[in-house]
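Work through the exercises below with the model open. Try each task before reading its solution.

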Amino acid sequence: MMKEHKIRVAISIGDLNGIGPEVVLKTFEDARMFDFCTPIVFANSKLVSFYKKNSKTKTHVQQIKSLDDIIDGKLNVINVWNESVSINFGKEDSKIGEYAIKSLVAATEALKTGAVDVLVTAPIHKTAVQSKDFKFPGHTDYLNQELEGDSLMFMVTDGLKVGLLTDHVALTDVVKHLTPGVISQKISTIHNSLIKDFGIAKPKIAVLGINPHTGDNGVIGKEDDAVLRPTLEKIKEAGKLVFGPYAADSFFGSNNYKQFDAVVATYHDQGLIPFKTLSFGQGVNFTAGLSHVRTSPDHGTAFEIAGQAKADHSSFAEAVFRAISIFKHRNMHVELTKNPLKKVVIKKTHVKNN
């Protein structure tokens, strides 16, 4: 019988002038990580060796020529490019952005073909990656195009999960994106993710208001009363445990979030500021709603400390663990639901008494 391989984690290297390569190497410097998974970095082996020396890490790195050569117990590196690259730590560089996207595209393709099981992405610089071939505000939108499903940015820790109705959208455009259809679809994605990806049988979801004080009965804004509340009522009628809208300014400070399995914010900063304040370094960005699992750390490229060997890798390590956990939960959910018990009909027989 063929031995099953460990969960294979594809890693896109992120912006080479940032802390991405460093946090990847630091994460897998701890050899115990290889007990949980087998990582594959999509980059260039010589470049990874340069970062290993620069960050003074002792990670076991193995160059592989193809995905058929993956080795357990080592940080596998497959060359996505062969040319040398000039590194300038802390600098925004569109050429470096091209390599970040080459890595992402190759890792995503491996995910789509089943050569790897999950994807963990190191941070990219959103300006540096823009080109005629890549016009996405971030990973989430690109993966939404490449994978099946409808993506949703879901920031998660064990004690707090925050989903967004809108993510990388300018504040002036938020309200026009908040249609009943979008609200229903996003909350449905969160609800399904809590069940399938986190094993929560009957999720309780809180929704934050759009305007300050949820509009104060129309004094500050009409969107909460005109759009959000009626939509939430319909979602409740369909059987989901959805509550709100709640005033966002006091919701987290009062610890009200602890009463729910997830919190839905209407726009980026409304959700991410409290999330990162409460869990920075331990949080994970999970792209819910897609056919494959993708996670990333809750921080950016951190140009200000790049190349100084002092980046904290804890969030990247959490992203790896979370991807593995979600992958296992999904498989378990499939196993539990693919063969539901069939009803057995027992025919009654009548026996004549002699």
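**Exercise 1. A salt bridge within reach of helix H3**

Which side chain meets that of Lys102 in a salt bridge? Place both partners and judge their exposure.

Solution. This is a predicted model.
- Step 1: the partner is Glu83, and the N to O distance is 3.6 Å.
- Step 2: Lys102 lies in helix H3 (residues 94-113), while Glu83 lies in the loop between strand S4 (75-79) and H3, so the pair ties together parts that are 19 residues apart in sequence.
- Step 3: Lys102 has a relative accessible area of 36%, so it is partly exposed.
- Step 4: Glu83, at 37%, is partly exposed.

**Exercise 2. A bridge to helix H10**

How far apart in sequence are the parts that Asp158 and Arg322 tie together? Find the contact, then decide whether each partner is buried or exposed.

Solution.
- Step 1: the side chains of Asp158 and Arg322 meet in a salt bridge of 2.9 Å, N to O.
- Step 2: Asp158 sits in the loop between S6 and strand S7 (161-164), and Arg322 sits in helix H10, so the link spans parts 164 residues apart in sequence.
- Step 3: Asp158 has 71% relative accessibility; exposed means over 50%, so Asp158 counts as exposed.
- Step 4: Arg322 has a relative accessible area of 11%; buried means under 20%, so Arg322 is buried.
- Step 5: now look along H10, residues 314-338. The helix has 25 residues. From first C-alpha to last, H10 reaches 36 Å, close to the 36 Å expected at 1.5 Å a residue.
- Step 6: list its buried residues. Among them are Phe316, Val320, Arg322, Ile326, Phe327 and Arg330.

**Exercise 3. A bridge inside one helix**

Which residue forms a salt bridge with Asp225? Count the residues between their positions and relate the spacing to the helix.

Solution.
- Step 1: the partner is Arg229, with the closest N and O atoms 2.4 Å apart.
- Step 2: both lie in helix H7 (residues 223-237), 4 residues apart, about one turn of the helix.
- Step 3: Asp225 is partly exposed at 32%, and Arg229 is partly exposed at 29%.
- Step 4: turn to shared partners elsewhere. Glu109, Lys112 and Glu146 are joined into one network by salt bridges.
- Step 5: for the whole structure, the count of salt bridges is 13.

**Exercise 4. A loop residue and its contacts**

Is Asn17 buried or exposed? Locate the residue and name some of its contacts.

Solution.
- Step 1: Asn17 lies in the loop between strand S1 (8-12) and helix H1 (20-27).
- Step 2: its relative accessibility is 0%, so Asn17 counts as buried.
- Step 3: set aside neighbours within four places in sequence. The remaining contacts of Asn17 include Tyr51, Ile87, Phe89, Lys91, Asp93, Ile96 and Phe303.

**Exercise 5. The largest pocket**

How many residues line the largest pocket? Describe the lining by element and by residue class.

Solution.
- Step 1: the lining has 23 residues, and Lys126, His168, Asn285, His299 and Gly300 lie nearest the centre.
- Step 2: helix H4 (139-146), strand S6 (149-156), helix H9 (268-279) and strand S12 (293-297) each give two or more residues to this lining.
- Step 3: sort the lining by class. It holds 7 nonpolar, 12 polar and 4 charged residues.
- Step 4: the space in the pocket is about 380 Å³.

Technical notes: Residues numbered from 1 in each chain as written. Predicted model: local features only at pLDDT ≥ 70, side-chain atom pairs only at ≥ 80, totals over all residues. Heavy atoms only, no water. 1 Å grid on protein atoms, 1.4 Å probe; cavity = no way out; pocket = protein on both sides within 12 Å on 5 of 7 lines; lining within 4 Å. Points joined across faces, edges and corners; volume = space filled by probe spheres on them. Nonpolar A, V, L, I, M, F, W, Y, C, P; charged D, E, K, R; others polar. Expected span 1.5 Å × (residues − 1). Buried < 20%, exposed > 50% of the residue type's maximum accessible area, 1.4 Å probe, protein only. Contact = heavy atoms within 4.5 Å. Salt bridge = Lys/Arg side-chain N within 4 Å of Asp/Glu carboxyl O.
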